[in-house]
Amino acid sequence: MGIMNSIFGNVSEVEVASLQKEYSEILCEGERIERAYKLIRDKWVFTSKRLIIQDIQGLTGKKRDYLSIPYRSVERFSVETAGTFDMDSEMKIWIRGCEEPLEQSFGRNSNILEVQRVLAHYVL
């Protein structure tokens, strides 16, 4: 991931092989990482069974929060691309049983449509 992508909050695809060891303890038997994206320090990891959103917290980054969303729980999702005056893109995911969607902002030059396409592939 380039330094400019980090500064501007652009999402970058992460090499799946580099995540195998990091995620090996939380993956189920037979579950595999299919695609992954990094946004500054956080990651969106698409596995064969679920979406894992990793939120790295604190100054050292040792504290991590993992949100697992089984694809069957995603009711709908939306993507808003950046515009002339709106500098960022947004993705919203509605999960069964939750009134408010999960929201994530992406930088202006992020390939939000690629992230949407990957999510659509697993949810639909």
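A residue counts as buried when its relative accessible area is under 20%. With that in mind, let us walk through this predicted model, starting at helix 3.

Helix 3 covers residues 112–123, twelve residues in all. From its first C-alpha to its last it reaches 16 Å, close to the 16 Å expected at 1.5 Å a residue. Its buried residues are Ile112, Glu114, Val115, Val118, Leu119, Ala120 and Tyr122. What covers them? The cover includes strand 1 (11–13), strand 2 (33–39) and strand 3 (42–47), and it also includes strand 6 (74–80), strand 7 (88–95) and strand 8 (102–107).

Some of those strands belong to a sheet, so to speak, of their own order: five strands form an open sheet in the order 1-2-3-4-5, with antiparallel pairing. Strand 1 and strand 5 are the edge strands, each pairing on one side only. From one strand to the next, the twist averages 20°. Helix 3 packs on this sheet, where it touches strand 1, strand 2 and strand 3. The direction of helix 3 makes about 150° with that of strand 2.

Now look at strand 2 and strand 3. They run antiparallel and are joined by six bridges. Which residue is the bridge partner of tyrosine 37 in strand 3? That partner is tryptophan 44.

Next come the aromatic rings. A pair of aromatic rings is described by the distance of the centres and the angle of the planes. The model has four aromatic pairs. One of them joins tyrosine 23 and tyrosine 66, with 6.0 Å centre to centre and 85° between the planes, an edge-to-face arrangement. This pair links distant parts of the chain: tyrosine 23 lies in helix 2 (residues 20–23) and tyrosine 66 in strand 5 (residues 63–70), 43 residues apart. Is each partner buried or exposed? Tyrosine 23 counts as buried because its relative accessibility is 0%, whereas tyrosine 66, at 33%, counts as partly exposed.

Tyrosine 37, already met at its bridge to tryptophan 44, has an aromatic partner too: phenylalanine 46. Their ring centres are 6.1 Å apart and their planes stand at 85°, so this pair is edge-to-face. Both tyrosine 37 and phenylalanine 46 are buried. Together with Tyr71 and Tyr122, they form one aromatic cluster, and Tyr122 is one of the buried residues of helix 3.

One last ring is worth a look. At tryptophan 94, the charged end of arginine 76 sits over the ring, 4.5 Å from its centre.

Note on methods
Residues are numbered from 1 along each chain as its sequence is written. This is a predicted model: local features need pLDDT of at least 70, side-chain atom pairs count only at pLDDT 80 or more; totals for chains, interfaces and linings use all residues. Side-chain values use heavy atoms; hydrogens and water are left out. Helices (H or I, at least four residues) and strands (E, at least two) are DSSP runs, numbered from the N terminus. The expected span of a helix is 1.5 Å times one less than its number of residues. Buried means under 20% relative accessible area, exposed over 50%, partly exposed in between (1.4 Å probe, protein chains only). Contact means heavy atoms within 4.5 Å. Rings of Phe, Tyr and Trp (its six-membered ring) pair if their centres lie within 6.5 Å; planes under 30 degrees apart count as stacked, over 60 as edge-to-face and the rest as tilted. A charge sits over a ring if NZ of Lys or CZ of Arg is within 6 Å of the ring centre and within 35 degrees of the ring normal. Two strands pair if DSSP finds at least two bridges between them. Axes are lines fitted to C-alpha atoms, for helices over the stretch in contact, and angles run from 0 to 180 degrees between N-to-C directions.
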